[in-house]
Every structure is written in structure tokens, then in C-alpha cells.
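Let's take a walk through a protein together, one piece at a time. Keep the 3D view open and turn it as you read.

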Amino acid sequence: RQSQECRRLLPKRARAGARSLKRNVYQNYRQFIETAREISYLESEMYQLSHILTEQKGIMEAVTQALLVQADRDDPALGARRAAAATDPFLPLSAKDAAASEEGRQRTLTTLLEKVEGCRDLLPESPGKYLVYNGDLVEYDADHMAQIQRVHAFLMNDCLLVATALPNRRGAYRYDALYPLDGLAVVNVKDNPPMKDMFKLLMFPESRIFQAENAKIKKEWLEVLEETKRNRALSEKRRLEQEALPRPALTPPESTNPFDEDEEVEEEEEPSAEEEVVDLSLEWIQELPEDLDVCIAQRDFEGAVDLLDKLNEYLGDKPVSQPVKELRAKVDERVRQLTDVLVFELSPDRSLRGGPRATRRAVSQLIRLGQSTKACELFLKNRAAAVQTAIRQLRIEGATLLYIHKLCHVFFTSLLETAREFETDFAGNNGCYSAFVVWARSSMKMFVDAFSKQVFDSKESLSTAAECVKVAKEHCKQLSEIGLDLTFIIHALLVKDIKGALQSYKDIIIEATKHRNSEEMWRKMNLMTPEALGKLREEMRSCGVGNFDQYTGDDCWVNLSYTVVAFTKQTMAFLEEALKLYFPELHMVLLESLVEIILVAVQHVDYSLRCEQDPEKKAFIRQNASFLYETVLPVVEKRFEEGVGKPAKQLQDLRNASRLMRVNPESTTSVV
């Protein structure tokens, strides 16, 4: 039975093993095919690359051979020496004529630069200029790391020329940029696949990223750039040392004048004032221009200013010699570049986020550079743009008072923060405070424009306008915490709009009063319900009329005309709202408006009293006139004096002259 079971299970296991083996063989076959395809592709690429290299090598050999042939034609002796050197490799270098080698390098440079369009006039010819290294590179965008263009770079002993490849002409280029090595910094870019084999060139005010063909060529570029910059610095150092050496004085010709001997003796006795030689061979001084370029490119403003302070301290008591002037010229160029960068940092085009403190870094460095006036101007321009942007970003809500609350909070908070930051940054520059006061006035004008457009141009009610102005005044008082009082400025800027609002509301009251007067029947008021009578008593009490109960009768009657009661409430409401808007510049405007409003009611009462023939109605009119003269006008006069702080002679004269006067009974004109 066991043998039978084994014979039954064996075919199943064999079939499963065969299937598994078949799958493995198929997968290995597919992998083998893909590997073979990749190898074939790489072989094709390598063949094309070797073909291109062979072609370029042939071109370079042809160019070199042509240059040698041309040199032999121009100078047969040089050709003979070259042939002798070729036959005898152990010939000394001096015998091979180093001058001819230098001439050959310059000719090679000239031949290669002939392929670059537009660089002949920009690249001056000098005896010591020669080509050090050149090659193709790919330029990438520094922000988005996107490929821009293919370029060819020519490194010379004093500068770097970048040219772009012409699309339809192989081996021809167009001039793109020229960078002196003195102001050029090279930074290695760490490989971050797929972006690799890159390096960055820093030159104010820009930076460019290039990619080499492979890591070896990238390394060669970095090494040869640093070596060339180092050689350039050493040669400049030697030149400065040679210029700093004292020159031997020229011996004057012998004089035959016997009296000159005494003068010569006296001149010899006087010590000659020799200029002190300034040691500029220190390593940090030689590397100072390049270090400044790196600091500016890396936005290390503090480090750049520290280097400048260190140099100024070192040269503070040193004489001004020619090498010092040249060094100063180089440093001054970097100072201008640094100043431009700091100015750009404070320009309104930059991001305005971060508040006033975000500008402290650039402002402090400009002050250290002696540019406090420019720092003050740029700081205030930056803050003005920030305040204007904040006001524009406010959403205009449906309720005017809610929008004014937000507007005042944003504006006065920004103004307060700017004032505190200004006091911190310019603590030692007292001359800048006047500029801040001028800026605060202009900013207040911008605020008032937005305020008036929302409050006065939209024809809001006088009560709403009064509340809005009250809110603005309360926020303005917050500035007194730092000793800045701008209340008089906001008064001066708002006086025109408030005056227009008062006159407009005065005209509305006068028109409403005239309309009620035209329909006046001189009847007592019947309020119908005790609740309505109680409400009227409360309203008159809030208006300042404390003895209103003596004018009330039985069964909810009021012994006054509806016209006189409505006039009283409207006039007192106008006075209360106007006092919220009051400041000294509006004194006469408010006083004249009150007089005009009161005259309309007084003239109507006097005219009705003279025209009415019914004794009962005439008595009722006299009662209303007494209410106006004895109650309303004194209340208006008292409230005006409380709100303004001084009595109004015009109101007193109006009350005294408005008494009932004896006139011609037949006359129908009012005499006031």
C-alpha cells in the first residue's frame, strides 16, 4: 500500500516542480534579454561618444598644426629651434624660447575666441592674457533647477568668458557674459540625484549654476578655477609689494654755485619725512575682496560689515599710499554692491510680512555703513507700503462701524509698532525723528482717505459718523504712550468732511421742521396709552427737559404741539451727536447751525401767534412759545456750554431777543 501511494503522489510533485522550473527559466530569460538590450544601447552610446571625441581630437590637432605652421612661416628661426627641440628632447627649456611659447598661447586664445561672436570689443587684448581651460557646460535655473541652455566656458588667467552655442553652426558661439576673477566665487553643489555634477558661480548681483559632463570634469573645473584665482591673487600681491618698495632717490646734477653747499648741508641736517610703508601682504587683506563677494552672495550682511570695520580699523592711522588707494577702490566697489543689496532688502517690492522687525537687519547694517539717512528713508517707505497693503486687504463689511473698528485697529497698531521699531533702530540718530513725524502725517492722511470714503462719502447718518470719529480718536490716543500725539492732525484732516456732514444734517432738520410747520394745526397731543406717555417722558428726560410733567394733562394728553415736541427731540439729538464730533475748528460751524435750526422754530411760533385770531388757540400757542423760550433754549445753551467748555454768547442773545415783543397787531411779520 505504501508503494502504491508513493507511485500515486510522485507524478503530482513532478508536475509542480516542472512548472516552477519553467517559470524560473522564463523569468531568467526575460532578464537576460533586457540586460542584452541595455548592453547594446550602452555600446551604441560609447561608440558615438568615441566618434565625437575622435572628431574633436582631430579638430584640435588640425588647429594646433595650423598654428605651428603659421608660426614657422612668421618666424623661420623659431621653426628651426622647434625642430631642434623635437630631435633633442633633453634640450634646456630656456633654449626652447619661453617667449615663443607665450606667443603661441596667445595665438591659441585668439584663434579660439574668433569662434565667439561679439567678444572682440569686450575682451581687451593684453600681453599677459592667455587661455587656461575651456569646455562645454549646461546651465540650470537656480530656483526651479530646470535646464536653460548649453554654454561653452573659456577660463583665462584673469577672467571667465561664458558663450552660448549657436543652434545652426557647429563649433560657433555667441558672447553671453564676462566675469573678472577678482569678483567671482566658486561653490560646489552637493549631488542630489538626478541633479549632480553641478557647481555654482557667485558674482554680484547674480549667481549661476552649471552642470559638467561627469564628476571628473566637474572636479577639474573646481580645481582649475581655484588655482587660477589663487595665481591671480599672488600675482596681484607681488605687484603691490613691488609698488610699495621705496624707490631710490635720483642724484641731482652737481652745481657750480659755491653758495649751494651750505643749503645742501642744511637739507642733510633736516630729517626727511619718509612715508610709512603699509603692510598689505596679510592674508586676510589679500582675500578681503573675495570674502566680501562671498558674504554678499550668501547674504551674510553682518559678516561683510564686520570685514569692512576690521579693514577701516587697520587702515585708520596708516598713510594713504597708492596701494592703499587701489585697495580702497576695490573695497568701495563691494561697499556699493552691499549697499544695493541692503537697499533692495528694504524696497517695498520685497515681501512685507514679518512686521517692522523684519527690516531691522538691513537697517542696522546700513547704519553701520554710514547710510543712516538712506536707511531711514527706505525703512519708512517700506512701512508705508506695508500699512497701505494692510488697509487694502481689509474686507468692507456691511456695517460701517464694524469696518471702522477693524480699520483703526490695523492702522494704529501698525503705526505704534513702526514708532517703537524706529525708536529702537535710530536711537542714536536724532536727526531722523523729523522724517518720522512727516511720515506719520502722510500715513494719517492715507488713513483719513480710507476713513472718509467709508463714513462720509457713503452718506451715513450723523450718529454713525459720530461713533466712527469717536473710535478713531480713542485709537489715536494710544500713540501718546510713546509720546506721539497726532490728534491735531486727524482733526485737521477731518474738519472738512465733518463740517460738510454737520451742514448736511442741519439742512435735513430745517427741511423737516418747515414741513411740519406747514401742516401745523396747533392741537394738543393725545398719546392714547400710558405706555406711550411714559416713553415720551423718558425721551424728554434724556434730552435734558426735567420739568416736562408740568406740560402733561389727564388721560394721556400733552399740553404741547406735536411740532414743538418733535423739534425739541430732533434738535437735542443733533446737538448730542455734534458734540461727539466737536473740536475747536468746528466751534463756529456748530454754533451757526444751532442758531439756524432754532430760528426756524421761533419764527414759526411768532408768526402763528401774530396770525391766529382764536383766543383758545392763541393761548395754546403762547404755552408752546413759553416751552421753547423758558425750557428748550436754556437746555440747549447749558448742554452746549458743558460740551464745549465755554458759554455761547450767540445763544444767549437769541434767547433774550426771542421774548414776546409788542408789535403792531395788524402786522403778520415775525420780529426776532
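Helices (H or I, at least four residues) and strands (E, at least two) are DSSP runs, numbered from the N terminus. What you have here is a predicted model, in which local features need pLDDT of at least 70 and side-chain atom pairs count only at pLDDT 80 or more, while totals for chains, interfaces and linings use all residues. Residues are numbered from 1 along each chain as its sequence is written, and side-chain values use heavy atoms, with hydrogens and water left out.

Start with the overall picture. The protein has 20 helices and ten strands. Of its 672 residues, 36% count as buried, where buried means under 20% relative accessible area, exposed means over 50%, and partly exposed is in between (1.4 Å probe, protein chains only). Now think about contacts, meaning heavy atoms within 4.5 Å. Among the contacts with a separation of 6 or more, 65% are between residues 24 or more positions apart.

Next, find the sheet. In what order do the strands of the open sheet come? The eight strands run β1-β5-β4-β3-β2-β8-β7-β6, with mixed pairing. Two strands pair if DSSP finds at least two bridges between them. Strands of a sheet pair through backbone hydrogen bonds, either parallel or antiparallel. At the edges sit β1 (116–117) and β6 (185–189), each pairing on one side only.

Let's step inward from β6. Five bridges join β6 to β7 (residues 198–203), and these two strands run antiparallel. One match to look for is Asn-188, whose bridge partner in β7 is Phe-199. Phe-199 also stands opposite Phe-210 in β8. β7 and β8 are antiparallel as well, paired over six bridges. Carry on to β2 (residues 131–140), which pairs with β8 (residues 206–211) in the antiparallel sense over three bridges. There, Tyr-140 has Ile-209 in β8 as its bridge partner.

Before leaving the sheet, check the loop between β6 and β7, where you'll find Asp-197. Asp-197 has a phi near 60°, a positive value in a residue other than glycine. With 10% relative accessibility, Asp-197 counts as buried. Met-528 also has a positive phi, of about 75°, although it is not a glycine. Met-528 lies in the loop between β9 (524–526) and α16 (530–542). Is Met-528 buried or exposed? Met-528 is exposed, with a relative accessible area of 63%.

Now for the helices. Axes are lines fitted to C-alpha atoms, for helices over the stretch in contact, and angles run from 0 to 180 degrees between N-to-C directions. α10 (residues 360–368) and α11 (residues 372–392) pack at an angle of about 160°, their axes 7 Å apart. They are therefore roughly antiparallel to each other (angles under 35 degrees count as roughly parallel, over 145 as roughly antiparallel, 65 to 115 as roughly perpendicular and the rest as oblique). Val-363, Leu-366 and Ile-367 of α10 make this contact with Ser-372, Ala-375, Leu-378 and Phe-379 of α11.

Further along the chain, the axes of α19 (residues 615–644) and α20 (residues 649–657) come within 10 Å and cross at roughly 175°. That makes α19 roughly antiparallel to α20. The α19 side of the contact includes Tyr-629 and Phe-640, and the α20 side includes Leu-651 and Arg-655.

Finally, look for rings. Rings of Phe, Tyr and Trp (its six-membered ring) pair if their centres lie within 6.5 Å; planes under 30 degrees apart count as stacked, over 60 as edge-to-face and the rest as tilted. The structure holds 18 aromatic pairs. One of them is the tilted pair of Phe-447 and Phe-451, 5.9 Å centre to centre with 40° between the planes. Being four residues apart in α13 (residues 433–455), Phe-447 and Phe-451 are separated by about one helical turn. Phe-447 is buried at 1% relative accessible area, and Phe-451 is buried at 0%. Elsewhere, ring pairs link Phe-379, Phe-422, Phe-426, Tyr-433, Phe-436 and Trp-439 into a cluster.

One last stop is Thr-513, in α15 (residues 487–518). Thr-513 counts as buried at 2% relative accessibility. Leaving aside neighbours within four places in sequence, Thr-513 is in contact with Phe-567, Gln-570 and Val-600.
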